Amino acid sequence: MQLGIDIGTTRIVAALADRGNYPLVRFEGPEGEPRDWFPPLIAVRGSQRLWGWDAWSAQSDPDATVIGSIKALLRHSYEHINVDSRTSGASILDLLTEVASAFRTALDKDSNVHSAATEPLEIVLGIPVNAHSDQRFVTAEAFRRAGFVVLGLLEEPVAASLEFRHGHEYSGGLLIYHLGGRTFDASVVEIDGNPPAVVTSEGLEHLGGDDFDAVLAELAWEAAGLQLFQFNSLSPADLFRLHEECRHGKEALAPTTQRIIVDLGIVLQGCKPVAIPVVAFYDRCRPLLDQTIRVVEQLLSNYGRRLEALYVIGGGSALPLVMRQVREAFRNQASRAANSHATTAIGLAIAAAQKNGDKSREKSFSPLCGSAPSLAVPIPANLDPEHWLCGFMNDAIMKFFASGGTITFDAVSNLLKDRKEAFLNDLQTARRMLHTYPDLFKER
Ligand SMILES: Nc1ncnc2c1ncn2[C@@H]1O[C@H](COP(=O)(O)OP(=O)(O)OP(=O)(O)O)[C@@H](O)[C@H]1O
Ligand SMILES: [Mg+2]
């Protein structure tokens, strides 16, 4: 089974590759309700560490502390996390492995992917464009430790462009406008290549759809005539409940909605619900969106060439105002993805299906297959199985495979049994590394 997994700051979204279709994986939320995402959160209560929905629910528990999103921690990739004494000493790899394992358990037990427990789960993971090599390694390794077969990593805008290419006849440069939950980025991707390549990218690290919830909460507070000091004295658990209330109102907005009702009674006893005119809400969101428009304008002027299409993705862009403002700025070049919060995950699932296809085509001359007819590339002397230093992956070995070199089964059939096993094990490792880091060992 092949899956694409997009690890977001606020949501992990997974799509399944199923005979040319890419349905989203649905999980059971804390109340048993269907959700097409899984929280990338870690929290602590007493001496206990919590992940996923347990960590999510802990946000309204005054006895728990929410450490935060694993993606935000990864971005800064501390070797050891010390944000809370109860997590000090845990490496980022440990924490991400715990989140990945909770995600794996949720796939097995609380999702519509029924056979997850029995089939190998082959995945392609999304990675931000500017992710450093530690971040790439930790991401792949954590999911491998959690029991997934990591087919590869793909930069998020590249994945989004694969999803775009799936539904559109288009070639050349594509601008991806991505407004997520907590971040914004814009990238130019040249989509003709296989895989497509990111030419240039810019972003805002602290702007996303969750900021609209905060804007709505602020407006509701003002409309109820409440004071700032009262707002500032809200506990983290109350603040979470208030933002959740606003998030529900925001996500239910249709282009024709006039008012959003916010019930402040959930945090202040006796407080009546208030009605916020959508016009007032949008007026206060506009300056935030102006910042994203300026980033895109800057990117386009750096790129210097004309682009035919602008693709609007990310859950944050589901707010109707976003498309309105992007269209005003860039005329009708822009189109919004149908499943804007899942575009990246779907693109990753497409990549996973492609890699799986490549794998079955490779079979006829795979280094692990007995019926290989001939060597594609002569085996260099230092790679001769007879003289192989087992367990040692050097550059020459990796470059040999990266350049399309294969070793037939015949060449290893004379080896003694234990030596053959060690040798085949090395080939497996080499293949796994090449799938995970396809560009790392290419000749430059
Ligand atoms: N129908 C909707 N209308 C408005 N906003 C929505 C809607 N659905 C989801 N969102 C918002 O989308 C945001 C989450 O988007 P997404 O899943 O793309 O973020 P992420 O991948 O977790 O974060 P990031 O990309 O910043 O790392 C949240 O702020 C959520 O409230
Ligand atoms: Mg995202």
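This is a walk through one protein chain, from its overall make-up to a few single residues.

Keep in mind from the start that the model is predicted. The chain contains 14 helices and 18 strands. It has 444 residues, and 37% of them count as buried. To get a feel for how the chain folds back on itself, take the contacts between residues at least 6 apart in sequence: 67% of these join residues at least 24 apart.

Now look for the core. In soluble globular proteins, nonpolar side chains tend to be buried together. Here the largest nonpolar core has 107 residues. Within this core, Ala-15, Ile-123, Leu-216, Tyr-311 and Ala-349 touch the most other members. Helix H3, which covers residues 92-109, supplies the largest share of the core, with 9 residues. You can pick out Ile-123 and see what surrounds this residue. Setting aside neighbours within four places in sequence, Ile-123 is in contact with Leu-3, Ile-5, Phe-143, Phe-148, Val-149, Val-150, Leu-151 and Ala-352.

Leu-216, another of those core residues, also takes part in the packing of two helices. Two packed helices are described by the angle between their axes and the distance between the axes. For helix H6 (residues 210-223) and helix H8, the angle is about 105° and the axes are 8 Å apart. Angles of 65 to 115 degrees count as roughly perpendicular, so H6 and H8 are roughly perpendicular to each other. On the H6 side, the residues that meet H8 are Phe-212, Asp-213, Ala-214, Leu-216 and Ala-217. Their partners in H8 are Leu-242, His-243, Cys-246, Arg-247, Gly-249 and Lys-250. Sorted by class, this contact has 6 nonpolar, 2 polar and 3 charged residues.

Helix H8 (residues 236-251) turns up again around ligand 1, where this helix gives the most to the surrounding shell, with 3 residues. There are 21 residues around ligand 1, and the ones that come nearest are Gly-8, Gly-180, Gly-181, Gly-209 and Gly-315. By class, the shell has 2 nonpolar, 12 polar and 7 charged residues.

Let us finish with three single residues. Ala-43 sits in strand E5, which spans residues 41-45. Is Ala-43 buried or exposed? A residue counts as buried if 20 or more other C-beta atoms lie within 10 Å of its own; Ala-43 has 23 such atoms, so this residue is buried. Leaving out residues up to four places away in sequence, Ala-43 touches Leu-50, Ala-55, Ala-58, Ala-64, Thr-65, Val-66 and Ile-67. One of these partners, Ala-64, is 21 residues away along the chain, yet the two C-alpha atoms are separated by 6.8 Å.

Thr-344 lies in helix H11 (residues 343-362). This residue is buried too, because 32 C-beta neighbours lie inside 10 Å. Not counting residues up to four places away in sequence, Thr-344 touches Asp-6, Gly-126, Glu-156, Ala-159 and Ala-160. Its C-alpha atom is 9.8 Å from that of Phe-164, although the two residues are 180 apart along the chain.

Arg-19 makes a good contrast. This residue belongs to the loop between strand E2 (12-17) and strand E3 (27-28). With 5 C-beta neighbours inside 10 Å, Arg-19 counts as exposed. There is something else to notice in its backbone. Most residues other than glycine have a negative phi. The phi of Arg-19, however, is positive, near 45°.

Terms used
Residues are numbered from 1 along each chain as its sequence is written. Chains are lettered from A and ligands numbered from 1 in the order in which they are written. This is a predicted model: local features need pLDDT of at least 70, side-chain atom pairs count only at pLDDT 80 or more; totals for chains, interfaces and linings use all residues. A residue is near a molecule or strand if its C-beta atom, placed from the backbone, lies within 6 Å of it. Helices (H or I, at least four residues) and strands (E, at least two) are DSSP runs, numbered from the N terminus. Ala, Val, Leu, Ile, Met, Phe, Trp, Tyr, Cys and Pro count as nonpolar, Asp, Glu, Lys and Arg as charged, and the others, Gly among them, as polar. A nonpolar core is a set of buried Ala, Val, Leu, Ile, Met, Phe, Trp, Tyr and Cys residues joined through C-beta atoms within 7 Å. A residue is buried if 20 or more other C-beta atoms lie within 10 Å of its own, exposed if 12 or fewer, and partly exposed in between; C-beta atoms are placed from the backbone. Two residues are in contact if their C-beta atoms, placed from the backbone, lie within 7 Å. Axes are lines fitted to C-alpha atoms, for helices over the stretch in contact, and angles run from 0 to 180 degrees between N-to-C directions. Angles under 35 degrees count as roughly parallel, over 145 as roughly antiparallel, 65 to 115 as roughly perpendicular and the rest as oblique.
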